[in-house]
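Visitor: Could you take me through this model, beginning with the ligand and then turning to the helices and the backbone?

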Amino acid sequence: MKLVIAATGASGTIYLQRLLEQIDTAANEVHLIISGHARQVAAQEVDTLRVPDGVAKHPENDLNVPYVSGSSRFDAMVIVPCSMSTLGRLASGSGETALLRTADVFLKERRKLIVVPRETPWNLIHARNVVTVLEAGAVVLPAIPSFYSRPQSVIDVVDTVVWRILDQLGLPNPRAFRWKDEGGEPAAKS
Ligand SMILES: Cc1cc2nc3c(=O)[nH]c(=O)nc-3n(C[C@H](O)[C@H](O)[C@H](O)COP(=O)(O)O)c2cc1C
């Protein structure tokens, strides 16, 4: 699978970190774009973003890359975390950065675009922008964790969101807790 993963300046660098750690880069081609504001938030939230070997890193504004054109064949893009600013610019059709242009291309080519917004509370503009990108074909997968797997750590909580991203990508996800699946009993209370 050929993937573009983009991070923008919303809180939640750890979602990006855990997603990168759970994608097999030997089996998948992964391109990573990090916005300038995402770098600032990452510096606040994690000391160093660990980018696994095999992930190709690109500047936010590099247009000299294959995925900014619909003529290149890619399978999916994930924006994780997605700021409301990026969501708004995406909803407006802006392609002012390579990151936004790529998302716009994926929508027009009817490729999978998974947007993982993180903000609370929402104003009406945020809500309307969510509707707009849904209508344009994006998957909106908010960074809203679940707790029925009885997560025991922050990483466990984060993974409840990351598992849903991996499911949307159709990537192997053997650790995912699945309700009522065989072996899916919640962890015992400590
Ligand atoms: C520590 C920190 C946390 C932030 N968290 C959020 C957030 O959760 N959601 C959001 O929409 N913006 C958040 N912002 C604001 C965005 O970084 C800001 O709107 C920025 O312009 C987004 O730029 P980008 O979308 O180009 O990356 C945060 C900023 C900082 C400094």
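Guide: A word on classes comes before the ligand: Ala, Val, Leu, Ile, Met, Phe, Trp, Tyr, Cys and Pro count as nonpolar, Asp, Glu, Lys and Arg as charged, and the others, Gly among them, as polar. Please keep in mind throughout that this is a predicted model.

Visitor: How many residues of each class does the shell around the ligand have?

Guide: The ligand is surrounded by 16 residues, and the closest are Thr8, Gly9, Ala10, Ser35 and His37. Sorted by class, the shell around the ligand has 4 nonpolar, 2 charged and 10 polar residues.

Visitor: Which helix gives the largest share of the shell around the ligand?

Guide: At least two residues of the shell come from each of two helices, H2 (36–45) and H3 (84–91). The largest share of that shell amounts to 5 residues, and the helix that supplies this share is H2.

Visitor: Are H3 and H5 parallel or oblique to each other?

Guide: The axis of H3 comes within 9 Å of the axis of H5, which covers residues 124–135, and the two axes cross at roughly 50°. Angles under 35 degrees count as roughly parallel and those of 65 to 115 as roughly perpendicular, and the angle between H3 and H5 therefore makes them oblique.

Visitor: Which residues of H5 make the contact with H3, and how do the residues of that contact divide by class?

Guide: H3 passes H5 in a left-handed crossing. On the side of H3 the contact is made by Met84, Leu87, Gly88, Leu90 and Ala91, and on the side of H5 by Ile125, His126, Asn129, Thr132 and Val133. By class, the residues of this contact of H3 with H5 divide into 6 nonpolar, 4 polar and no charged.

Visitor: What handedness does the crossing of H1 and H6 have, and how many charged residues are in their contact?

Guide: The axes of H1 (residues 13–21) and H6 (residues 154–169) come within 9 Å and cross at roughly 65°, and H1 passes H6 in a right-handed crossing. Ile14, Tyr15, Arg18 and Leu19 of H1 make the contact with Ile155, Val158, Asp159, Val161, Val162 and Ile165 of H6. The contact of H1 with H6 has 8 nonpolar residues and no polar ones, and its charged residues number 2.

Visitor: Where are the prolines 81 and 121 that follow cis peptide bonds?

Guide: Most peptide bonds are trans. The bond from valine 80 to proline 81, however, is cis, with omega near -10°, and a cis peptide bond with omega of about -10° also joins threonine 120 and proline 121. Proline 81 is in strand E4 (residues 76–82), whereas the place of proline 121 is the loop between strand E5 (112–117) and H5.

Visitor: What is the phi of arginine 110?

Guide: Most residues other than glycine have a negative phi. Arginine 110, found in the loop between helix H4 (98–108) and E5, has instead a positive phi, near 60°.

Key
Residues are numbered from 1 along each chain as its sequence is written. This is a predicted model: local features need pLDDT of at least 70, side-chain atom pairs count only at pLDDT 80 or more; totals for chains, interfaces and linings use all residues. A residue is near a molecule or strand if its C-beta atom, placed from the backbone, lies within 6 Å of it. Helices (H or I, at least four residues) and strands (E, at least two) are DSSP runs, numbered from the N terminus. Axes are lines fitted to C-alpha atoms, for helices over the stretch in contact, and angles run from 0 to 180 degrees between N-to-C directions. Angles under 35 degrees count as roughly parallel, over 145 as roughly antiparallel, 65 to 115 as roughly perpendicular and the rest as oblique. A crossing is left-handed if the near helix is turned anticlockwise from the far one by less than a right angle, and right-handed if clockwise. Two residues are in contact if their C-beta atoms, placed from the backbone, lie within 7 Å.
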